[in-house]
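Dear colleague,

I am passing on a structure that may be new to you, and below it I have set down what was found in it. Please look through the sequence and the model first, and then read the notes alongside them.

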Amino acid sequence: MFQERKTAMTAKRLKQPNSRHCFVCGVENPVGLQLKIYQIEEGVIETTYTAPEHFQGYPGVLHGGIIATLLDEISGRAHMGDPSQPRFMYTGKLEVIYRRNVPIGQPLRIVGKKLENRGRAAQGWAGIYDEKGNLLAEGTTLLFDIPPHLLPLKDLEELGWKVYPD
Ligand SMILES: CCCCCCCCCCCCCCCC(=O)SCCNC(=O)CCNC(=O)[C@H](O)C(C)(C)COP(=O)(O)OP(=O)(O)OC[C@H]1O[C@@H](n2cnc3c(N)ncnc32)[C@H](O)[C@@H]1OP(=O)(O)O
């Protein structure tokens, strides 16, 4: 089902960069989630993920901390924009609503959306859906631009920050 959606959206899909070591997007992080994230329209991104058994809390149910991690990254990345001039933001606050159990071992679709901008702060939203399109969990974030002196933009490629071909 997700594959069909992917094909239909290929024309508009723009892959976001990955990093080397980030827990969610690090391509060389052996214990990370290694997500591939795509912008499907301005300010809207998506990824798919099937959680392995070792991330369970209750039997068959994805641990809430991992759910929060997914929502955190995907809501923040919705603000990232043009890969050549990425907007990097810290999360200052994350509010999660756990609506239904998020299952282990079944494909999930995670969507992130930009909400309002307020100068150096912004709000983001992310939702985790099952294959039938049910919203299982959602999160809103309050994000802050990372101060420029902490952002070694010239070193991004060295940090492994680039678009990796599928
Ligand atoms: C380097 C490039 C590498 C690239 C390659 C790797 C890439 C890898 C992938 C990237 C994707 C990762 C995505 C994961 C997302 C995280 O995991 S980020 C990590 C977790 N977050 C943090 O560590 C942030 C820690 N906190 C902070 O640094 C600071 O508290 C903050 C959030 C920047 C805010 O500090 P500040 O700028 O000094 O804020 P301040 O001036 O005191 O307050 C401004 C206003 O905001 C309010 N405020 C401040 N903090 C908060 C808060 N937490 N909640 C609510 N309101 C707040 C204040 O009350 C104030 O409001 P007003 O009084 O103006 O009404």
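The largest nonpolar core of this predicted model holds 22 residues, and those that touch the most other members are Ile-67, Leu-70, Leu-71, Ile-74, Val-102, Ile-110 and Ile-128. Two or more residues come from each of strand S3 (44-50), helix H2, strand S5 (107-118), strand S6 (121-129) and strand S7, and the largest share, 4 residues, is given by H2.

Helix H2 is therefore a reasonable element to look at next, since its 14 residues should span 20 Å at 1.5 Å a residue, and its end C-alpha atoms are indeed 20 Å apart, which agrees. Its buried residues are Ile-67, Leu-70, Leu-71, Asp-72, Glu-73, Ile-74, Ser-75, Gly-76 and Arg-77, and what covers them includes S3, S4, S5, S6 and S7. An α-helix has 3.6 residues a turn, so residues three or four places apart point the same way.

Leu-71, which has its place in H2, counts as buried because it has 27 C-beta neighbours inside 10 Å, where 20 or more are needed. Leaving aside neighbours within four places in sequence, Leu-71 is in contact with Leu-94, Val-96, Ala-126, Ile-128, Ala-137, Glu-138 and Gly-139. The C-alpha atoms of Leu-71 and Gly-127 are separated by 6.7 Å, although these two residues are 56 residues apart along the chain.

Two further buried positions can be read together. Val-102 is in contact with Val-61, Leu-62, Ile-67, Leu-108, Ile-128, Leu-136 and Ala-137, again leaving aside its neighbours within four places in sequence. Leu-136, in strand S7, is buried, with 20 other C-beta atoms within 10 Å, and with residues up to four places away in sequence not counted it touches Arg-99, Arg-100, Val-102, Ile-128, Tyr-129 and Asp-130. Leu-136 and Val-102 are 34 residues apart along the chain, and their C-alpha atoms are separated by 6.1 Å.

Asp-82 offers a contrast in its surroundings: it lies in the loop between H2 and S4, and it counts as exposed because it has 10 C-beta neighbours inside 10 Å, where exposed means 12 or fewer. Asp-82 and Thr-48 are 34 residues apart in sequence, and their C-alpha atoms are 21 Å apart in space.

Gln-34 deserves a separate look at its backbone. Gln-34 lies in the loop between strand S1 (14-15) and strand S2 (38-41), is partly exposed, with 16 other C-beta atoms within 10 Å, and has a phi near 50°, a positive value in a residue other than glycine. Most residues other than glycine have a negative phi.

As for the ligand, 17 residues surround it, and the closest are Ser-19, Cys-22, Tyr-90, Gly-92 and Lys-93. Helix H2 (64-77), strand S4 (89-98) and strand S7 (135-145) are the elements that give two or more residues to this shell, and S4 gives the most, with 4 residues. By class, the shell is made up of 10 nonpolar, 4 polar and 3 charged residues.

Lastly, there is a record to set beside the model: an unreviewed UniProt entry carries the annotation "domain: Thioesterase" for residues 60-133. Over residues 60-133 the chain is 19% helix and 42% strand, and the end C-alpha atoms are 19 Å apart.

With best wishes

Methods
Residues numbered from 1 in each chain as written. Predicted model: local features only at pLDDT ≥ 70, side-chain atom pairs only at ≥ 80, totals over all residues. UniProt positions renumbered as here; feature names shortened; annotations may be inferred. Near = placed C-beta within 6 Å. Nonpolar A, V, L, I, M, F, W, Y, C, P; charged D, E, K, R; others polar. Core = buried A, V, L, I, M, F, W, Y, C linked by C-beta atoms within 7 Å. Contact = placed C-beta atoms within 7 Å. Expected span 1.5 Å × (residues − 1).
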